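Thanks for coming. I will go through one structure this morning, sheets to begin with, then some backbone details, then the ligand.

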Amino acid sequence: MPESKRPMVTIVGGGMITQIQILPSLYHLQRLGAIGDIAISALNGAPLKVLAEDSALREAFPGQGFTPYPDFRKVNPDEKFPALFEDVLRKMPKRNIVFIALPDQLHYGAVRKALENDQHVITVKPLVLKHKEAVEIEHLALSKGLFCGVEYHKRFDDRALMTRQQYRSGNLGEFKLGHAWLNEPWYYRDSNFQNWCTCENSDMFTYVGCHYVDQVAFVTGLMPTEVSVYGVKDAYPNGRDGYLWCNAIVNWSNGASLSVLDGMCYPNAAPGGNTQGIQMFCKGSKDACVVLHDDQYRGLKHCYERPSDNKTYHEPSPDYFKLVYRGGRGLEPVGYGYRSIEALVRAVLRVEAGSDLAARQTAIREIDAEGILSTPANSAYNELVIEAGRLSILNQGRPVVIEYGKAPTVRFKEYR
Ligand SMILES: NC(=O)c1ccc[n+]([C@@H]2O[C@H](COP(=O)([O-])OP(=O)(O)OC[C@H]3O[C@@H](n4cnc5c(N)ncnc54)[C@H](O)[C@@H]3O)[C@@H](O)[C@H]2O)c1
């Protein structure tokens, strides 16, 4: 890291999540002086051009920009450079930040490459697709005194933090029964999802169900022990099949049970971005305790003169990520999407404040133990749920158990 202690950040992946959350958050952190230069590496130049010319980002962050790899001004926008990011990482000075925003199946290789090149890592969820890979990454990062954090932004929704505090103080009893849902809009099936979120690679539970499974563990400290996922296959516009409607049951270390619905079934005609929430029913000492989070409840109802789509009536969400004017030059990001990235970057600065390897390792262990940021050491149960969920959905919803111990693993449930 440079003398100034302002780490440079290389984002690997220039797609949707980079555009709507990661880049604007990092621009703001750059404006605050928390980070230095930003570079973005993508498979080809086309998405980098989109990011550089995005009018909303230009309005919010005037005069700021990033170094593109490949340089979209010099190459054919569709020419592919799948190994370019490895060169970019090799050339970075040690102990800066690599932010992984690649498709899920590429996370493992890219996280490893970043750590091997002595870079701190922040990655979008899921960290990786296999538990043993998460363990490998945990050990590699710790041995080098490098922070590795996973961006589960729902943890920075104040509702989740408030509920965690109440639950951990004993004020919400013991979780027994729950229901969560996160349903994305119908139009997702027209997007790039049809090229990768197909039956053989992923499903809607793997893609978004992980947020509420992670939230239950985050709030309660319980561990998932059994998963069954029934997926309804449906054809995308390009003819490929996806599990576009999923119904999962996740059971927990105290015997509690959570059902999770995930699909591409929020109507295009509906006024918000999706529908989502969680209900947790808990056992108190004299009565039931309850948690009801209406996470799609936005409280805002707008009817527009010039709508950006074909609906005049909207219920915009102020919770996840918005760019608002709060005085000064440009716009500022607000919402848990920003707070999550800010906290992960600050974790890197905290680790880097350590004077030597031992001090950096101590800081990493403290962050692991606090349990607020998701790290491979404190959250690899998410990888077990993904492994179990995939095994189950590919076998018509057969229950799969998670076995903990020295080398955690998943297997079909046996009935004796
Ligand atoms: N709620 C959430 O936490 C959330 C939401 C959206 C996406 N995500 C995660 O973010 C990741 C990316 O999703 P997205 O929607 O932005 O995908 P996307 O398809 O829009 O973008 C993927 C990007 O990866 C780049 N890429 C692919 N191969 C590459 C390579 N070899 N080298 C460099 N770049 C390469 C592509 O150029 C593209 O810019 C996924 O892991 C997804 O699960 C998380």
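**Sheets, loops and the ligand**

Eight strands form an open sheet with mixed pairing, in the order β12-β11-β7-β10-β9-β8-β17-β18. Its edge strands are β12, residues 288-293, and β18, and each of these pairs on one side only. On average, neighbouring strands in this sheet are turned by 20° against each other, direction ignored. Please keep in mind that this is a predicted model.

Let me stay at the β18 edge for a moment. How do β17 and β18 pair, parallel or antiparallel? They are antiparallel, with four bridges between residues 400-403 of β17 and residues 409-412 of β18. If you want to find the register on your screen, Val400 stands opposite Phe412 in β18, and Ile402 stands opposite Val410 in β18. The two strands make a hairpin with five residues between them, and in that hairpin Gly405 has a positive phi near 115°.

As a reminder, strands of a sheet pair through backbone hydrogen bonds, either parallel or antiparallel.

Now the other sheet. This one is open too, has six strands, and its pairing is parallel; the order is β3-β2-β1-β4-β5-β6. At the edges are β3, residues 67-69, and β6, residues 148-151, each pairing on one side only. The average turn between neighbouring strands here is 20°, again ignoring direction. Within this part, β4 (residues 97-100) and β5 (residues 120-124) run parallel and are joined by four bridges. Val98 faces Val121 in β5, in the sense that the two stand opposite each other.

Next, the backbone details. Most residues other than glycine have a negative phi, and most peptide bonds are trans. Where are the departures from that in this model?

Take the peptide bond from Tyr69 to Pro70, which is cis, with omega near 0°. Pro70 sits in the loop between β3 and α4, the helix at 84-91. A cis peptide bond also joins Lys125 and Pro126, with omega about -15°. Pro126 belongs to the loop between β5 and α6, residues 131-144. Then there is Asp118, a residue other than glycine whose phi is positive, near 60°. Look for Asp118 in the loop between α5 (107-116) and β5.

Last, the ligand. Which residues come nearest to it? There are 22 residues around the ligand, and Gly14, Met16, Ile17, Asp104 and His107 come nearest.

For polar contacts from the backbone, I have three to show. A backbone N or O atom of Met16 is 2.9 Å from an oxygen atom of the ligand. For Ile17, a backbone N or O atom is 3.0 Å from a ligand oxygen atom. Leu102 has a polar backbone atom that lies 3.0 Å from an oxygen atom of the ligand. How much of the ligand is covered by protein? On its own the ligand has 850 Å² of accessible area, and the protein covers 87% of that.

Two elements give two or more residues to the shell around the ligand: α1, residues 16-31, and α9, residues 204-220. By residue type, the shell has twelve nonpolar, eight polar and two charged residues.

That leaves the question of where the ligand lies with respect to the domains. Domain 1 covers 9-153 plus 329-379, and domain 2 covers 158-318. Both domains give residues to the shell, so the ligand lies between them.

That is what I have for today. I will take questions now.

Definitions and conventions: Residues numbered from 1 in each chain as written. Predicted model: local features only at pLDDT ≥ 70, side-chain atom pairs only at ≥ 80, totals over all residues. Heavy atoms only, no water. Near = heavy atom within 4 Å. Polar contact = N/O pair within 3.5 Å; in protein donor to acceptor, adjacent residues only side chain to side chain. Areas by Shrake-Rupley, 256 points an atom, 1.4 Å probe, with all protein chains shown as cover. Nonpolar A, V, L, I, M, F, W, Y, C, P; charged D, E, K, R; others polar. Domains from an automatic or database assignment. Pairing = 2+ DSSP bridges. Axes fitted to C-alpha atoms, helices over the stretch in contact; angles between N-to-C directions.
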